[in-house]
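The following paragraphs lead through one protein chain, moving from its overall make-up to a single helix and then to the interior around that helix. Please keep the sequence and the coordinates at hand while reading.

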Amino acid sequence: MAPPQITPQPVAPVNERPATIEEVISAIAKQHKVAPALALAVAQRESRDPKTGQLNINAVGDAGKAIGIGQLHAAAAKDTGVTDRTDPVQNVTGRSCRER
């Protein structure tokens with residue numbers, strides 16, 4: 001069964017937007033009915049910078065085919081309606097769609 005397509009969500013005013021990438025991941029996970037702890041754990045596993053311990057929104061997989069926090073491959077991005085795998089919000093949203 002194909003993962004569900006991304007449903008565009010209205011953008012919140014700047015003062016209401018999450019401040020950190022971890023908050024963005026948690027908010028998107030909740031929107032897609034994925035446990036925020038699971039989404040954060042996947043992001044940590046896939047894109048944590050080993051030197052700093054921080055999430056790397058520009059992470060590239062070892063084979064060079066998966067990119068971003070969610071380490072989306074082109075096919076996974078297409079399946080979930082992601083048009084820009086380098087956009088952290090789209091990347092995390094696409095990954096959350098696949099986690100369900």
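Of the 100 residues of the protein chain, 33% count as buried, a value that, like every other one here, is computed from a predicted model. The chain holds four helices and zero strands, and its elements, read from the N terminus on, run α-α-α-α. Among the contacts with a separation of 6 or more, 42% are accounted for by residues 24 or more positions apart.

Helix 4, which covers residues 88-99, is a convenient place to begin. Its twelve residues reach 16 Å from the first C-alpha to the last, close to the 16 Å expected at 1.5 Å a residue. At the start of this helix, a side-chain oxygen of Asp87 comes to within 3.1 Å of the backbone nitrogen of Val89. Further along, Gln90, Asn91, Val92, Thr93, Gly94, Ser96 and Cys97 are buried, and what covers the buried residues of helix 4 includes helix 1 (21-31) and helix 3 (74-80).

Two of these buried positions can be followed in more detail. Why does Asn91 count as buried? Its relative accessibility is 0%, and buried means under 20%, so Asn91 falls within that class. A polar atom of the Asn91 side chain lies 2.8 Å from the backbone oxygen of Arg85, and, once neighbours within four places in sequence are left aside, Asn91 is in contact with Ile67, Gly68, Ile69, Gly70, Gln71, Leu72 and Arg85. Gly94, which also lies in helix 4, is buried because its relative accessible area is 0%. The C-alpha atom of Gly94 is separated by 7.7 Å from that of Gly70, although the two residues stand 24 residues apart along the chain.

From helix 4 the path leads on to the nonpolar interior. In soluble globular proteins, nonpolar side chains tend to be buried together. In this model, the largest nonpolar core is made up of ten residues, namely Val24, Ile25, Ile28, Ala29, Val34, Ala39, Ala43, Leu55, Ile69 and Val92. Helix 1 and helix 2 (36-47) each supply at least two residues of this core, and helix 1 gives the most, with four residues. Ile69, one of the core residues, touches Ile21, Ile25, Ala43, Glu46, Ser47, Leu55, Asn56, Ile57, Asn91 and Val92, where residues up to four places away in sequence are not counted; this list includes Asn91, the residue of helix 4 discussed above.

It remains to ask where the interior leaves space unfilled. Rolling a probe the size of a water molecule over the atoms shows where empty space is left. How many cavities of 30 Å³ or more are there? The count comes to one, and the volume of the largest cavity is about 60 Å³. Which residues line the largest cavity? The lining consists of Ile25, Ala39, Val42, Ala43, Ile69, Gly70, Val92, Arg95, Ser96 and Glu99. Helix 2 and helix 4 each supply at least two residues of this lining, and the largest share, four residues, comes from helix 4. Several names met earlier return here, for Ile25, Ala39, Ala43, Ile69 and Val92 belong both to the largest nonpolar core and to the lining of the largest cavity.

Key
Residues numbered from 1 in each chain as written. Predicted model: local features only at pLDDT ≥ 70, side-chain atom pairs only at ≥ 80, totals over all residues. Heavy atoms only, no water. Expected span 1.5 Å × (residues − 1). Buried < 20%, exposed > 50% of the residue type's maximum accessible area, 1.4 Å probe, protein only. Contact = heavy atoms within 4.5 Å. Polar contact = N/O pair within 3.5 Å; in protein donor to acceptor, adjacent residues only side chain to side chain. Core = buried A, V, L, I, M, F, W, Y, C linked by side-chain atoms within 4.5 Å. 1 Å grid on protein atoms, 1.4 Å probe; cavity = no way out; pocket = protein on both sides within 12 Å on 5 of 7 lines; lining within 4 Å. Points joined across faces, edges and corners; volume = space filled by probe spheres on them.
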